[in-house]
Amino acid sequence: MRISLLPTPSFLDMKKENLYLCMGSACHQLGVYEVLPKLQSMISEYKLEDKIELKGSFCLESCSDGIVMKYKNQVFIKINSENIEQKFKDEILPSIMKIVN
Ligand code: FES
């Protein structure tokens, strides 16, 4: 799975919603690169590759609550490599399923 900071043409990911993972400096310092592979595994495990596009983003403006993710207008905070699986199941996945179903 690729992660890109560049915008993709909308015709390439029609029907897909973007799930953003902050790659800003504060989130980087907090270990976003340890969260990323776990997140990619869960997207694969839950077979969400056709439904969402994981994208890196610049600062999501919640640095003191990092690591931060965003899906649609919902922001997920205080993510780390230890809690990402639980946060994904409890917070992020329900939000994704609400939109795609
Ligand atoms: S660097 Fe991630 S919210 Fe600012």
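Guide: Two strands pair if DSSP finds at least two bridges between them. This is a predicted model, where local features need pLDDT of at least 70, side-chain atom pairs need 80 or more, and totals for chains, interfaces and linings use all residues. Numbering starts from 1 along each chain as its sequence is written.

Visitor: In what order do the 4 strands of the sheet lie?
Guide: Strands here are DSSP runs (E, at least two residues; helices are H or I, at least four), numbered from the N terminus. The sheet is open and its pairing is mixed. Its order is β2-β1-β3-β4.

Visitor: Which strands stand at the edges?
Guide: Each edge strand has a single partner, so one side of it is left without a neighbour in the sheet. These strands are β2 (52-57) and β4 (74-76).

Visitor: Which residue in β3 is the bridge partner of L19?
Guide: β1 and β3 (residues 69-71) run antiparallel, joined by 3 bridges. In β3, L19 has as its bridge partner Y71.

Visitor: Is L93 buried, exposed or partly exposed?
Guide: L93 sits in helix α3. The test counts other C-beta atoms, placed from the backbone, within 10 Å: 20 or more is buried, 12 or fewer exposed, in between partly exposed. L93 has 16 such neighbours, so it counts as partly exposed.

Visitor: Which residues does L93 contact, beyond four places in sequence?
Guide: Contact puts C-beta atoms within 7 Å. L48, 45 residues away in sequence, lies 9.6 Å from L93, C-alpha to C-alpha. With neighbours within four places set aside, the contacts of L93 are Y46 and F88.

Conventions
Contact = placed C-beta atoms within 7 Å.
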